[in-house]
Amino acid sequence: MSERRAREIERTWSARCETRTWETLCPHEVTRSAPLGAIAACLEQPEVRAELRHDEDAADYPKRTIARLASLGLAELLTDEGGALTMIGLSALNAIAARASGSLAITLGVNALAMLPFYVAGTDEQRAEAFARVRRGGFASLLLTEIVHGSNLVELETVAEPESSGYRISGEKDMINGAREHELLITLARTRARAPGGSALEARGDFSLFWIDRGPGVVPLPRWTTLPAPAADISGVRFDGVVVPAARRIGDEGDGFGIVQKTLLVSRGAIGALASGTTSAAVSLALGYARERVLYGAPISALAPVAEHLVDLVALDLAVAAMSVKAALAVNAEGLGAAHLTAVAKFACCRLAEDAVTEGRRLFASRALMRELPYERIARDVLLYGVFDGTSHVMLAQLHWRLQQLVAARTYPRVSDVSGAGARDGDPLDAMRAIYTHAPRSLVAAVRAPSRARPTPLEPYLAALAAHTPRAAALGDAARALLDVAAEARRTNAWPANSGETVRAAEALAMLECAVALVELADPDARAALGMPPAPPLHEGALSVSFAGLLLRVLGATRALGAPLLPGIVGQIATVEGPWLVEAARARALLATALRS
Amino acid sequence: MSDNTHTVRQLLAEVCALDPTSIKPDAPLIDYGLDSARAIDLIVGLEGAFAIRIPDEAAAKMKTLKDIVAYVEGRISP
């Protein structure tokens, strides 16, 4: 197929149904103001999409598009001037960029990620200098991974040896986003040998973080050829005794590990926005295609098997966007205190986005497998997000631990909240209102504010929200069932550490949190109760299908986990899910009709 | 028990999902399941509760509840 014909097809499919679910649910009008509004409009232009496609096909770093975005004020989103550097803005940028191109999205995303250490621990002088570089077009990369050690940071081998003028850095970082192209290399290096037999806790003081510029001794390594995001610069760097002044150390010597942990607590939430953007792009293409392609005398959107894929795709898109938006708002309001929700977003958004894109792939059938046609890129790019900023497996381990915290919180009193962002131990609705109504604020201020990282106890909160929507009552029942099962497993020591049960319980908690976010942001009554303005209308039936899908995932997992431990749970769950199975059937028919044209 | 000890014990128990009364002053933190991922929660919580910053170097040396309380009281005392 000619490139021109392929572009025409993409334009036809996308232009009919451009889907912007992230912005639809976000209660702040971030994309209507500059520079995000202009960037979003730019990235929807056919010639810009074509430019991005060309770079992806050629595996060329998307320089031209980045230059366009720079001229529209991209740097304002990445530097703390004019109030544009916010978690909400950065997450929106991720979603907007991912709708256009996974390669572009992760290129911009890593820049935001790599700047976070400056917000967490940089001096005023370092931030000013780094921001000046970004305003001049410089991009940053975060260099953690070494090919042998992956995400096991305490084993890293890159060393920074003190010398008179600062440090001499030697070692090799690999599988790094932007390692060849980006100029600010934010690098974790060992400043102390690991003590023999020391624990990971004791090793946390062994590392420091450095800002390294390209120059003598900074040797770029070959780019990896990746299945997803082929235009992105995934490569490596070797440091051959690079001398770095002490003034380029970010934070104190020995503080690198903690700075990186704090960075990742925040940044992983924004991965959900990448997943959301890609899922919305899948919706756009699938709707456009299903309405345009005629088979047996009518658009295929009228065929039941196709409509089923569309229904599930749209429902999943809504769920992914809701969880991503909530994580961004939570970081905005609570800074590092949003750690639980960013882990949920990282895991659940990526997982649900993969499910959503699979629905679209089945809809497109062979047309999802042609490199010249646009859906193939969606199918490839969605695979990437789950491996960023702590793999999904790491998130699951953390979520199982959060589940244990929720179980313990039923019995033991919690320490009063100190953040000031929300009185978590007071009225549960007030605490969540504080997240949803907090004005966008500087990300520098957000990550430096006092906070407490812990999950909100779901049962009292959902009981309060149930006064406004029956969906919250169902989620309250689901939360109680899951926590009952987890508590019984804990009491009887039924789930060994590192077992399949702990993984499935963690997944259930993630889907439960996702369903809570969905209700909060997409149910009009919940939205009003939490102080948000109404959202633009959704497709009829979309909320009910999305909600029932998540609820049934939670209840199904809880039933399977609980049956051996609490046999009575099976009957309780049947009572909860019954009405929602009926509602889902009704809503699926409505949504299928709504999506037909 | 001092207020500071009470607060630190509560925070540690919350992070490790345990009964606060089960936390002994001299027992190794690692026995309560505190690993590097959970430690950042504890550090963030302590930094917020006591309005201090805890360097990794100092955190790495805290091996018991008593060590944490001693560090915190050393930082907040006038």
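The points below go through a predicted model with chains A and B, from the domains to single residues.

1. Domains of chain A. Chain A is divided into three parts: domain 1 covers 3-132 + 258-387, domain 2 covers 138-253 and domain 3 covers 457-596. Domain 1 is thus written as two stretches of sequence, with the range of domain 2 falling between them. The centres of domain 1 and domain 2 of chain A, taken over C-alpha atoms, are 28 Å apart.

2. Contact between domain 1 and domain 2. In chain A, domain 1 brings 28 residues to this contact and domain 2 brings 24 residues. On the domain 1 side, the elements of chain A that give two or more residues are helix 4 (46-58), helix 8 (102-121), helix 9 (124-135), helix 11 (256-292) and helix 14 (375-381). Helix 8 of chain A has the largest share of that side, with twelve residues. Sorted by class, the domain 1 side holds 16 nonpolar, seven polar and five charged residues.

3. Helix 7 of chain A. This helix runs over residues 87-100. Its 14 residues, at 1.5 Å a residue, should span 20 Å, and the end C-alpha atoms are in fact 20 Å apart, so the two values agree. As for cover, 14 of the 14 residues of helix 7 are buried.

4. Helix 12 of chain A. The same check can be made on residues 304-334, which form helix 12. For its 31 residues the expected span is 45 Å, and the end C-alpha atoms lie 45 Å apart, which agrees. Helix 12 is largely enclosed by the rest of the structure, because 28 of its 31 residues are buried. Just after helix 12 of chain A comes Gly335(A), with a positive phi of about 60°.

5. Strand 1 of chain A. In a regular strand, side chains alternate between the two faces of the sheet. Strand 1 (residues 140-143) can be read with that in mind: Ala140(A) and Leu142(A) point one way, while Ser141(A) and Leu143(A) point the other way. Buried or exposed, then, for these residues of strand 1? All are buried, whichever way they point. Strand 1 runs parallel to strand 4 (residues 184-190) of chain A, and four bridges join the two strands. Within strand 4 of chain A, Leu185(A) is the residue opposite Ser141(A).

6. Chain B as a whole. Chain B contains four helices and zero strands, which gives the pattern α-α-α-α along the sequence. Its radius of gyration is 11 Å, and the globule rule gives 12 Å for 78 residues; the values are close, so chain B is as compact as a globular protein of that length. The C-alpha trace of chain B spans about 30 × 25 × 20 Å along its principal axes. Of the 78 residues in chain B, 42% are buried. Among the contacts in chain B with a separation of 6 or more, 54% are between residues 24 or more positions apart.

7. Contact between the chains. Here 32 residues of chain A are in contact with 30 residues of chain B. On the chain A side, helix 10 (200-203), helix 11 and helix 15 (392-409) each supply at least two residues. Helix 15 of chain A gives the most, with six residues. The chain A side divides into 14 nonpolar, ten polar and eight charged residues.

8. Two alanines with positive phi. Most residues other than glycine have a negative phi. Ala229(A) has a positive phi, near 45°, and sits in the loop between strand 6 (218-221) and strand 7 (234-245) of chain A. Ala51(B) also has a positive phi, near 50°, and sits in the loop between helix 2 (36-50) and helix 3 (56-61) of chain B. Their surroundings can be read from the C-beta counts. Ala229(A) counts as buried because 27 C-beta neighbours lie inside 10 Å. Ala51(B) has 11 such neighbours inside 10 Å and therefore counts as exposed.

9. Arg480(A). This residue belongs to helix 19 (residues 470-492) of chain A. Arg480(A) has 18 C-beta neighbours inside 10 Å, so it counts as partly exposed; the cut-off for buried is 20 or more. From C-alpha to C-alpha, Arg480(A) is 33 Å from Ala95(A), and the two are 385 residues apart in sequence.

Definitions and conventions. Residues are numbered from 1 along each chain as its sequence is written. Chains are lettered from A and ligands numbered from 1 in the order in which they are written. This is a predicted model: local features need pLDDT of at least 70, side-chain atom pairs count only at pLDDT 80 or more; totals for chains, interfaces and linings use all residues. The expected span of a helix is 1.5 Å times one less than its number of residues. A residue is buried if 20 or more other C-beta atoms lie within 10 Å of its own, exposed if 12 or fewer, and partly exposed in between; C-beta atoms are placed from the backbone. Two strands pair if DSSP finds at least two bridges between them. Domain bounds come from an automatic or database domain assignment. Two residues are in contact if their C-beta atoms, placed from the backbone, lie within 7 Å. Ala, Val, Leu, Ile, Met, Phe, Trp, Tyr, Cys and Pro count as nonpolar, Asp, Glu, Lys and Arg as charged, and the others, Gly among them, as polar. The radius of gyration is taken over C-alpha atoms; the globule rule is 2.2 Å times the number of residues to the power 0.38.
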